[in-house]
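User: Hi, I'm new to reading protein structures. Could you walk me through this one, feature by feature?
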Amino acid sequence: MLLSVSVAGTVSAQEQPVTQDSAAASPDLATVTLPPAQEPDPSADDNKRRSANRLVEEIVVTAQKREEAIQDVPISVAAFSEQQLQAMGVENTKDLGRVTPGLQFTETAGFTLIYLRGVGTDSFLPYADPSVATYVDGLYIPAQQGLVNSFGGIQRVEVLKGPQGTLFGRNSTGGAINVITKSPDQTTEVSAQAELGNFDDKKIQVYASTPITDTLAASVSAIYNHTSPYYKLITDDLGPLESAPADRLYPDESYGARVKLRWFPIEELDLGLTAYHIRQVGTGSTIGALTQPSALATLLGIQAEQRDYEIHRNEPTKLAVSNSVIAGNATWNLPPFDLKLITGYQDIVTEDAYYDFDNSAKDLVSFFTNNAYNRVTTAEFQIASNASSWMSDRLKWIGGLYYLHSLGGYDPITLEIAGSGVPRIGAGLLAPGVLDAVEQFLQGIPGLGSATPGVQADIHGVLRTNSYSVFAQSDYNFTDWFNLTLGLRGQIEDRFLTRQDVLLESGNGNNDLPLFQYHEPKITQHNFTPKVSLNFKPADDMLVYLSWSKGYKSGTYNGINIYTPPSYVQPEVVNAYELGLKSEYFDHNLRFNAAVFQNDIQHPQVTYVSLVNGGAITFENAGSARIRGAEFDTLLVPLPDANPGLVLTLGVSYLDAVFTDYRNGSGFNEQTGLFFSKSGDFTGNRIPRTAKQTGNFAVNQTLEAGQGSVELSADVYYNSGFYYSAQNTDVARQGSYYLLNAHVGYLYDPWKLRITAFGQNLNNKAYSFSGFTADFGTNVTLAPPRTFGLRLNWDF
């Protein structure tokens, strides 16, 4: 999941004077960031202090679908401007986890899996619903494969913690990531970024925005990234160990462009059109080490691999994803209220994917597809109060309608069992007894028992969704120090499998043989997600809030089944309780935000991977789970007069995330690695991919130097470790680790040119970011080792 950041040419909120009326009349989520209308312009001394370091910047967010100062929003929000992202060394979305307490990014088979405060999704299917919703300029992005937030021209990124079911809708039970890109206006802006690093790392970004006429403006963003694999592929099935051909491990590449048009024919009307296309190709998390082979794998001659950067494979491993989006928005500011419409169509296609399921150099089981997709059409209509609305001094409100239609799945994904290995088996190149073992494995699958090695089965699983929602939220100020927020969203959703069958390929050019065909009924789901928040301001720079909210994650079908009918998976429901504090002290030189919370989850959806159970990737429901947690983040300017360029940041999260009822769970025997179905008791186990403690500490120093400034930054990230499965086996666990990152940069102000030398994972820690257990054992993918390079940013 890539978030490309272009840092040149940012205009801070303090440099944009604005009246109260103009701020209230500008609800466009993609417009220029405005300072809070109710606050006076900073003093000259305050401006000087804030300009001394990029981290000290007033942030305005749209966490409640309107522009507000982040410290005035009764939601736990981590927000970062474009300049702040670079100052913290954040280059992509996964880096957000390093600077946001409680946010965990992992991957599996090219799918990005996000957990926020212990709530997330560990399924890697094209139509699998995330638990942390992602939005780009107000457009919901539901797909997890090849998920791209944006490229170039970032205005800010917001991470909203806890269920956001009222305003951000379906499947935001963990929270939401809200990305706002720059919109073109009457100002010309051109910026570029280039980067070189080890592992043949090359990155280029350009962003340009210009007015075309007095009422029409356009912008263009483009990106190209290339990184060579840090894994070394070794094969030993054809004799002694030797380096594999160079094309077996593909470099990770992404390239694309985005075009935005903005037309404002009259002062009250703002129209926008956005189109972008991006393609990602590479190896990524589709490959890793089989660190713990099962008894089945051992029987077939597969040996354990070291937890290092050398792997054994016989299949080319590759993932190519194309993402095309066209979106439109319209905002009309009327005297009594504002109207807004956001529409979009997304076509996310896995064009080419190969996965070696046995994770070894043996030619046993693999998957490939060139047609996994998720096609999504959405429309959202909003009506919101403004400065001219009735009781606008006390009452703020928003309401609207939302529609989603999606069609996604595998059409097909091909399962190959010893497909290209028949001649090699006949030549005796596999261990004695392997052929018998493979045939025994095949006989365990109904319908394939009479088949011989070399079979290919096409599995089709396509899910259609139609979702309709209505929502409303209001904030009423009873006094200057007490505010009440009430919200409600109602949703009706239909889901059904348009196709679910398995065909046996004939291999002779004739029609394939139908093995299994399933016809499951349509399911209709109704839900309501309310929100109540009591908000208190005991002092001008302090906000205390107490909230209860509900989140809903849609029920679904297990659509990738082979010889068992697709089963229905119940919806996941989250009730969240939170007590939060937002505060600033010492003339805004210390910011301290904290929260304690509890999430009660009914029927959490959990994933396991097993072919012998009748499906490749399968959901099941646990009974219940509970997450109790606390977190805080702070920003300190310790010497505002003597050294205003020195800034310290600290963030810490603690999560006690456990299953309170998970009987009849499915998993793998810890001694043999063989699958068992619905006979395990995982009650009391920790929720997967969720660390008990995470924390980050950073020191950032900016110093004047000649006609520019030097920026020095170092940060440490700590993760206490987590399990990759609900079974909590030690073989599928990432232990505790810390990462050290640093950069030094120089900005030559007359040219607006910044050059930065950076290093990530300077302590060279070998830690994983992907892992899962399947029939052949536990597979683990390590994150990149130490990386370093040079980055150039230029604002023309």
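User: Let's start with strand β48 (residues 768–774): how many of its seven residues are buried?

Analyst: Seven of the seven, and the strand is described as mostly covered. Buried means under 20% relative accessible area, exposed means over 50%, and partly exposed is in between, using a 1.4 Å probe and protein chains only. Before we go on: this is a predicted model, where local features need pLDDT of at least 70, side-chain atom pairs count only at pLDDT 80 or more, and totals for chains, interfaces and linings use all residues. Residues are numbered from 1 along each chain as its sequence is written, and side-chain values use heavy atoms, with hydrogens and water left out.

User: What counts as a strand or a helix, and how many of each are there in the chain?

Analyst: Both are DSSP runs, numbered from the N terminus: helices are H or I with at least four residues, strands are E with at least two. The chain has seven helices and 50 strands. Buried residues make up 61% of its 796 residues.

User: Back to β48. Which strand does β48 pair with in the antiparallel sense over six bridges?

Analyst: The general idea is that strands of a sheet pair through backbone hydrogen bonds, either parallel or antiparallel. Two strands are called paired if DSSP finds at least two bridges between them. Here the partner is β49 (residues 777–782), and the two strands form a hairpin with two residues between them. Take Ser770, which lies in β48: its bridge partner in β49 is Thr781.

User: Is Ser770 buried or exposed?

Analyst: Ser770 has a relative accessible area of 3%, so it counts as buried. A contact means heavy atoms within 4.5 Å. Leaving aside residues up to four places away in sequence, Ser770 touches Glu107, Thr108, Ser285, Tyr724, Asn779, Val780 and Thr781.

User: What share of the chain's contacts join residues at least 24 apart?

Analyst: Among contacts between residues at least 6 apart in sequence, the share is 70%.

User: How do I read a whole sheet? In what order do the strands of the open five-stranded sheet come?

Analyst: Read across from one edge to the other: β4-β11-β12-β8-β9, with mixed pairing. The edge strands, β4 (77–81) and β9 (139–141), each pair on one side only. On average, neighbouring strands of this sheet are turned by 20° against each other, direction ignored. Such angles come from axes, which are lines fitted to C-alpha atoms (for helices, over the stretch in contact), and run from 0 to 180 degrees between N-to-C directions. At one edge, β4 pairs with β11 (residues 154–161) in the antiparallel sense over five bridges. One pair to look for is Ala79 with its bridge partner in β11, Glu158.

User: What about strand β23 (residues 338–356)? Which strand do 16 bridges join to β23?

Analyst: That's β22 (residues 318–333), running antiparallel to β23. The two form a hairpin with four residues between them, and Ala330 stands opposite Leu341 in β23. β23 also pairs with β25 (residues 372–384), antiparallel over 13 bridges, where Asp347 stands opposite Arg375. Then there is β24 (residues 365–369), joined to β23 by four antiparallel bridges; Ala353 has Thr369 as its bridge partner there.

User: Now the outside. Which residues form the nonpolar patch on the surface?

Analyst: Patches are made of residues with over 30% relative accessible area and no salt bridge: like charges are joined within 9 Å, nonpolar side chains (Val, Leu, Ile, Met, Phe, Trp, Tyr) within 5 Å. A salt bridge is a side-chain nitrogen of Lys or Arg within 4 Å of a carboxyl oxygen of Asp or Glu. Here the patch is Ile212, Val220, Val259, Leu261, Leu273, Ile326 and Tyr345, with about 580 Å² of accessible area together. Areas come from the Shrake-Rupley method with a 1.4 Å probe; for residues, only the protein chains shown count as cover. Leu273 sits in strand β19 (residues 269–282) and is partly exposed at 43%.

User: Any backbone oddities? Where is Phe586, and what is its phi?

Analyst: Phe586 is in the loop between β34 (572–585) and β35 (590–602). Its phi is positive, about 55°, although it is not a glycine. At 64% relative accessibility, Phe586 counts as exposed. His588 lies in that loop between β34 and β35 too, with a positive phi of about 70°, and is partly exposed at 30%. Finally, a cis peptide bond, with omega about 0°, joins Asp411 and Pro412; Pro412 lies in strand β26 (residues 395–417).
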